[in-house]
Amino acid sequence: MTFHMKSSIAAVLMLAGLGLATQAANADALDDITKAGAINVGIFSDFPPFSSASADMSIKGYDIDVAQFIADQLKVKLNLVSVTGQNRIPYLTDKRVDILMSVGYSKEREQVIDFAAAYAPYYIAVIGPAALKVEGKDDLADKSIAVNRGTLEDTSLTEAAPASADIRRFDNYNSVIQAFISGQTQLMVVGNDVGAQVLARQEALKPEQKFQLLTSPSHIGLNKNEDRLKQAVNNAVARMLADGKLDESSKAWLKTPLNPDNLKD
């Protein structure tokens, strides 16, 4: 009797142990975030207007608005983790961060990480003064255009511009911006992250986006096989889009209303 009772207790304890092991094996990133009461979000700390230090030295920007909303929806604290282009994927796969902001989709990256819905527009635009009529590629004929040498902007402009366009290439974005605002060139071609800074500050010139040359929206990156976390992130982005919060962030940080078409790959 004693032997059988001990055997039964041992069996129960073994089953309980197996149950705990199974539960642990089935735990996912969303469970870990909820248990920790915080979500670790990888950001570029100097990437205006998406994320950068404000006057009070806190990090603010479009990405921070979205990250904070996701944290609020999950009812956890937001922990911002500064990453670089070189270390951010290892930070994610090593689980030093739970998600990454500002990740462009590529087939190569998809072999390593997963992508939640696009949440931020990234595009290359032609920018010029409001007084200058430019509506499409053909209107670039005979126009002087500043661009950063050897970049995706340079490639996109070179492919699109008519032969008579005067493309002037500079070695950095500051030089491109200076050439445009000083009148050395009539137009400039930059990404909307760089363009937002010019649109915000040059009131006398009244610069505006004329048209886009290329669109490649930013996604939120996360580890593979984290379906529940991915769904939670997608739900948060969809809610921000539906209630106008993404549009508010776009106007505040990118200085232009959000065009939902710019969230399509």
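Biologist: What makes β9-β8-β10-β7-β11 an open sheet, and how are its strands paired?

Modeller: In this predicted model, 5 strands line up in that order, with mixed pairing. The edges are β9 and β11. Each has a single partner strand, so one side of each has no neighbour in the sheet. From one strand to the next, the twist averages 25 degrees.

Biologist: How do you know that β8 and β10 pair?

Modeller: Two strands count as paired if there are at least two bridges between them. β8 and β10 have 3 bridges, in the parallel sense, so they meet the cut-off of at least two. One residue to look at is Val-147, whose bridge partner in β10 is Val-189.

Biologist: Which helix lies across β7, β8, β9, β10 and β11?

Modeller: That is α7. Its direction is at about 150 degrees to β10.

Biologist: What puts the buried residues of α6 on the same side?

Modeller: Start with the list. In α6, residues 152–160, the buried ones are Glu-153, Asp-154, Ser-156, Leu-157 and Ala-160. They cover an arc of only 165 degrees around the axis, so they sit on the same side of α6. Residues three or four places apart on an α-helix point the same way, because there are 3.6 residues a turn.

Biologist: What do the buried residues of α6 pack against?

Modeller: Their partners are β7, β8, β9, α7, β10 and β11.

Biologist: Why is Lys-77 called exposed?

Modeller: Exposed means over 50% relative accessible area. Lys-77 has 55% relative accessibility, so it counts as exposed. Lys-77 lies in strand β4, residues 77–82.

Biologist: Which residues does Lys-77 contact, beyond its neighbours within four places in sequence?

Modeller: Gly-37, Ala-38, Ile-39 and Ala-71. As for Ile-33, it is 44 residues from Lys-77 along the chain, and their C-alpha atoms are 9.4 Å apart.

Biologist: What makes Ile-39 stand out in the largest nonpolar core?

Modeller: That core has 34 residues, and Ile-39 is among those with the most contacts inside it. Tyr-62, Val-66, Ile-70, Ile-99, Met-101 and Ile-220 are the others. Elements that each supply at least two residues of this core include α2, β1, α3 and β12. α3 gives the most, with 8 residues. Beyond its neighbours within four places in sequence, Ile-39 touches residues including Ile-33, Ile-70, Leu-74, Lys-77 and Ile-99.

Biologist: Which residues belong to the second, separate core?

Modeller: The second core has 16 residues, among them Val-126, Val-134, Ala-160 and Ile-167. Ala-160 is also one of the buried residues of α6.

Key. Residues numbered from 1 in each chain as written. Predicted model: local features only at pLDDT ≥ 70, side-chain atom pairs only at ≥ 80, totals over all residues. Heavy atoms only, no water. Buried < 20%, exposed > 50% of the residue type's maximum accessible area, 1.4 Å probe, protein only. Helix = DSSP H or I, 4+ residues; strand = E, 2+ residues; numbered from the N terminus. Arc of directions from axis to C-beta. Contact = heavy atoms within 4.5 Å. Axes fitted to C-alpha atoms, helices over the stretch in contact; angles between N-to-C directions. Core = buried A, V, L, I, M, F, W, Y, C linked by side-chain atoms within 4.5 Å.
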